Amino acid sequence: MALIGAHVDSTDPLAHAAAIGAEAVQFFLGDPQGWKAPPPHPHADAIKATTLGVYIHAPYLVNVASTNNKIRIPSRKILAQQATAAAAIGAKGLIVHGGHVTAKDDPAEGIENWRKTFERAAQQGDGGFELPILIENTAGGENAMARTFDRLGRLWDAVGDFGPGFVLDTCHAWTAGEDLVGIVERVRGLTGRIDLVHANSSRDEAGSGADRHANYDSGTIDPELIVAVCREAGCDVIVETPMDDIAVDIEYLKKALR
């Protein structure tokens, strides 16, 4: 059975999960805005032993698509460090945003940089990353690698043979201007898979390009559309809505899907 969980406080993710009724957890291993290698987690043993699904989100600033060496090279390094640390606590995958290039760059360069990221990891002694890298679609940016599904298809043509997973964020897709009706089938037509759904509503209208999540009862996305995406995807679900009512959103999905 697919697990329904949430993005939780990294300090004690299992306690937070219990408090909100989450069956899976997603959290950061370190500063989400920092370049430092993740420190050992104080609850590593408990996390490794848990029956909950565990997912780790890479820092937001990771952008392996960048044409800027000062961003791309540290991004590759911290992605590898995060993957090693996530694997050590039994995570099912490491989530990373698709990234972007600047307005003056050819998006094909960003796609090529993604290919090189996987290629270089595969050339290392261990044969690649130590757990699945799950690429997430994003909300805004004309030169983003995974905002529009046309670009997503080109990205997967370049990296699909390396076996990355895909995370479908409903808020991001909505504000990127993608129709949520039938979206699971369209994504699978491009990537062949959906490994995780980020089941979020949005504070903003469709096509706005904004990345502002909302609880189901106050967002602009019909909650039944979010349920339909989760049902059709048939994979684990992580809710990333505001914490005040995140437990309500989790319960709503449980009742709707079971």
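This report describes the overall build of one chain, the surroundings of its strand β1, and its aromatic pairs.

The structure is a predicted model, and the chain's secondary structure comes to 9 helices and 10 strands. For a chain of 258 residues, a compact globule would have a radius of gyration near 18 Å, and the value of 17 Å found here agrees with that. The C-alpha trace spans about 45 × 40 × 30 Å along its principal axes, while the accessible surface of the chain comes to about 11,100 Å², with 50% of that area belonging to carbon and sulfur atoms. Of the 258 residues, 51% count as buried. Among the contacts with a separation of 6 or more, 73% are made by residues 24 or more positions apart.

**Strand β1 and its partners**

Strand β1, which covers residues 4-7, pairs in the parallel sense with strand β10, residues 236-239, over 3 bridges. Strand β1 is also joined by 2 bridges to strand β2, residues 24-27, and these two strands likewise run parallel. Ala6 takes part on both sides, since its bridge partner in β10 is Val239 and it stands opposite Val25 in β2. From β1 the chain crosses through helix α1, residues 13-20, to β2, and this β-α-β crossover is right-handed.

**Aromatic pairs**

A search of the whole structure finds 6 aromatic pairs, two of which are set out in the table below.

| Pair | Distance between centres | Angle between planes | Arrangement |
|---|---|---|---|
| Trp156 and Phe166 | 5.8 Å | 85° | edge-to-face |
| Tyr216 and Tyr252 | 5.8 Å | 70° | edge-to-face |

The pair of Trp156 and Phe166 links distant parts of the chain, with Trp156 in helix α5 (residues 149-159) and Phe166 in strand β6 (residues 165-169), 10 residues apart. Trp156 counts as buried because its relative accessibility is 6%, under the cut-off of 20%, and Phe166 is buried as well, with a relative accessible area of 0%.

The rings of Tyr216 and Tyr252 have their planes at 70°, so the pair is edge-to-face. This pair also links distant parts of the chain, as Tyr216 lies in the loop between β9 (213-214) and α8 (223-233), whereas Tyr252 lies in helix α9 (residues 246-257), 36 residues apart. Tyr216 is buried, with a relative accessible area of 6%, but Tyr252 is partly exposed, with a relative accessible area of 32%.

Finally, Trp114, Phe118, Phe129 and Phe162 together form one aromatic cluster.

Technical notes:
Residues are numbered from 1 along each chain as its sequence is written. This is a predicted model: local features need pLDDT of at least 70, side-chain atom pairs count only at pLDDT 80 or more; totals for chains, interfaces and linings use all residues. Side-chain values use heavy atoms; hydrogens and water are left out. Two strands pair if DSSP finds at least two bridges between them. Helices (H or I, at least four residues) and strands (E, at least two) are DSSP runs, numbered from the N terminus. A crossover is right-handed if, with the strands pointing away from the viewer, the path from the first strand over the helix to the second runs clockwise. The radius of gyration is taken over C-alpha atoms; the globule rule is 2.2 Å times the number of residues to the power 0.38. Buried means under 20% relative accessible area, exposed over 50%, partly exposed in between (1.4 Å probe, protein chains only). Contact means heavy atoms within 4.5 Å. Accessible areas come from the Shrake-Rupley method with a 1.4 Å probe; for residues, only the protein chains shown count as cover. Rings of Phe, Tyr and Trp (its six-membered ring) pair if their centres lie within 6.5 Å; planes under 30 degrees apart count as stacked, over 60 as edge-to-face and the rest as tilted.
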